[in-house]
Amino acid sequence: MSGGLSQDWEPVVIRKKAPTAAARKDEKAVNAARRSGAEIETIRKSTAGTNRAASSSTTLNTRKLDEDTENLAHQKVPTELKKAIMQARQDKKLTQSQLAQLINEKPQIIQEYESGKAIPNQQIISKLERALGAKLRGKK
C-alpha cells in the first residue's frame, strides 16, 4: 500500500481568536485581567443609566402647562341639542336603543347625548339627524 500516500505527522496548532470587544467587557474577562495585573480602563458614558432624553423634554412641557392658566374642559352636549334629540326621538316613538340601532351605535351613546355627558361628535350628530329626519344643529 505504499502507492504515493504518506502520512503527515506535523502538529496542527489551533489557536483561539483574540477576544472581541464585547467579550473583553464581560465580567469574567475583566476579573481575569485584574488577577493578572493588567491595566483596566473604565469609561462611564455620559447618559448611562439615566433617562436623560425623557427628562429633558418634560421640563418644557411642564413649564407650558404651568403657564397655561386656561380652564381646560372638554365640550359637552349643549342643552338645546339634548332636548332636540329627545323630542325628535319621542316624536318618532323610538326608544334610545332602537335609535342607537338605527344609527349603528351603542344605546349608551344615545343615553350620553340625551343626558349631556357625551363629547359632541359631528358624525354621530349627523347620523342622528338623518335617522330622526330632523335638524338638530342650529347654526353650526
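A helix axis here is a line fitted to C-alpha atoms over the stretch in contact, and the angle between two axes runs from 0 to 180 degrees between N-to-C directions. Keep that in mind for a later stop. The model you have open is a predicted one.

**Stop 1: the whole chain**

Start with a cartoon view of everything. The protein has seven helices and zero strands, so the run of elements from the N terminus reads α-α-α-α-α-α-α. Of the 140 residues, 18% are buried. Now think about contacts between residues with a separation of 6 or more: 50% of them join residues 24 or more positions apart.

**Stop 2: the largest nonpolar core**

Select Leu99, Tyr113 and Leu128 and show them as sticks. They have the most contacts inside the largest nonpolar core, a group of 18 residues. Next, colour four helices: H4 (79-91), H5 (96-102), H6 (107-115) and H7 (122-132) each supply at least two residues of this core. Which helix gives the largest share? That is H7, with five residues. As background, nonpolar side chains tend to be buried together in soluble globular proteins.

Stay with Leu128 and display its surroundings. Leaving out neighbours within four places in sequence, Leu128 is in contact with Ile85, Leu99, Ile103, Ile110, Gly133 and Leu136.

**Stop 3: along helix H7**

Now select H7 by itself. Its buried residues are Ile124, Ile125, Ser126, Leu128, Glu129, Ala131 and Leu132. Turn the neighbouring helices back on, and you will find H4, H5 and H6 among the parts that cover those buried residues.

Zoom in on the start of H7. Here a side-chain oxygen of Asn121 comes to within 2.9 Å of the backbone nitrogen of Gln123. Gln123 has another polar partner to look at: its backbone oxygen is 2.8 Å from a polar atom of the Ser126 side chain. Is Ser126 buried or exposed? Its relative accessible area is 19%, and because the cut-off for buried is under 20%, Ser126 counts as buried.

**Stop 4: just past the end of H7**

Move on to Gly133, just after H7, where phi is positive at about 65°. Then select Ala134, in the segment that follows H7. With a relative accessible area of 27%, Ala134 is partly exposed. Which residues does Ala134 touch, leaving aside neighbours within four places in sequence? They are Ala88 and Glu129. Try a C-alpha to C-alpha distance label between Ala134 and Ala88: the two are 46 residues apart in sequence, yet 6.7 Å apart in space.

**Stop 5: two salt bridges**

How many salt bridges does the model hold? The count is two. Side chains of opposite charge can pair when their charged atoms come close.

Take Arg89 and Glu114 as one pair, whose closest N and O atoms are 2.5 Å apart. Arg89 is in helix H4 and Glu114 is in helix H6, so this salt bridge ties together parts that are 25 residues apart in sequence. Both ends are buried: Arg89 has a relative accessibility of 10%, and Glu114 has a relative accessible area of 7%. Expand the selection around Arg89 and you will see that it touches Leu94, Thr95, Gln96, Leu99, Glu114 and Leu132, not counting residues up to four places away in sequence.

For the other pair, select Lys127 and Glu105, whose side chains meet with an N to O distance of 2.8 Å. This pair links distant parts of the chain, with Lys127 in helix H7 and Glu105 in the loop between H5 and H6, 22 residues apart. Lys127 is partly exposed at 27% relative accessibility, and Glu105 is partly exposed too, at 22%.

**Stop 6: where H4 meets H6**

Finish by hiding everything except H4 and H6. This is where the opening definition comes in: the two helices pack at an angle of about 125°, with their axes 7 Å apart. Why are H4 and H6 called oblique? Angles of 65 to 115 degrees count as roughly perpendicular and those over 145 as roughly antiparallel, so an angle between these ranges falls under oblique. To see the contact itself, show Lys82, Ile85, Met86 and Arg89 on H4, then Tyr113, Glu114 and Ser115 on H6. Arg89 and Glu114, the salt-bridge partners from the previous stop, belong to this contact as well.

Conventions:
Residues numbered from 1 in each chain as written. Predicted model: local features only at pLDDT ≥ 70, side-chain atom pairs only at ≥ 80, totals over all residues. Heavy atoms only, no water. Core = buried A, V, L, I, M, F, W, Y, C linked by side-chain atoms within 4.5 Å. Buried < 20%, exposed > 50% of the residue type's maximum accessible area, 1.4 Å probe, protein only. Contact = heavy atoms within 4.5 Å. Polar contact = N/O pair within 3.5 Å; in protein donor to acceptor, adjacent residues only side chain to side chain. Salt bridge = Lys/Arg side-chain N within 4 Å of Asp/Glu carboxyl O.
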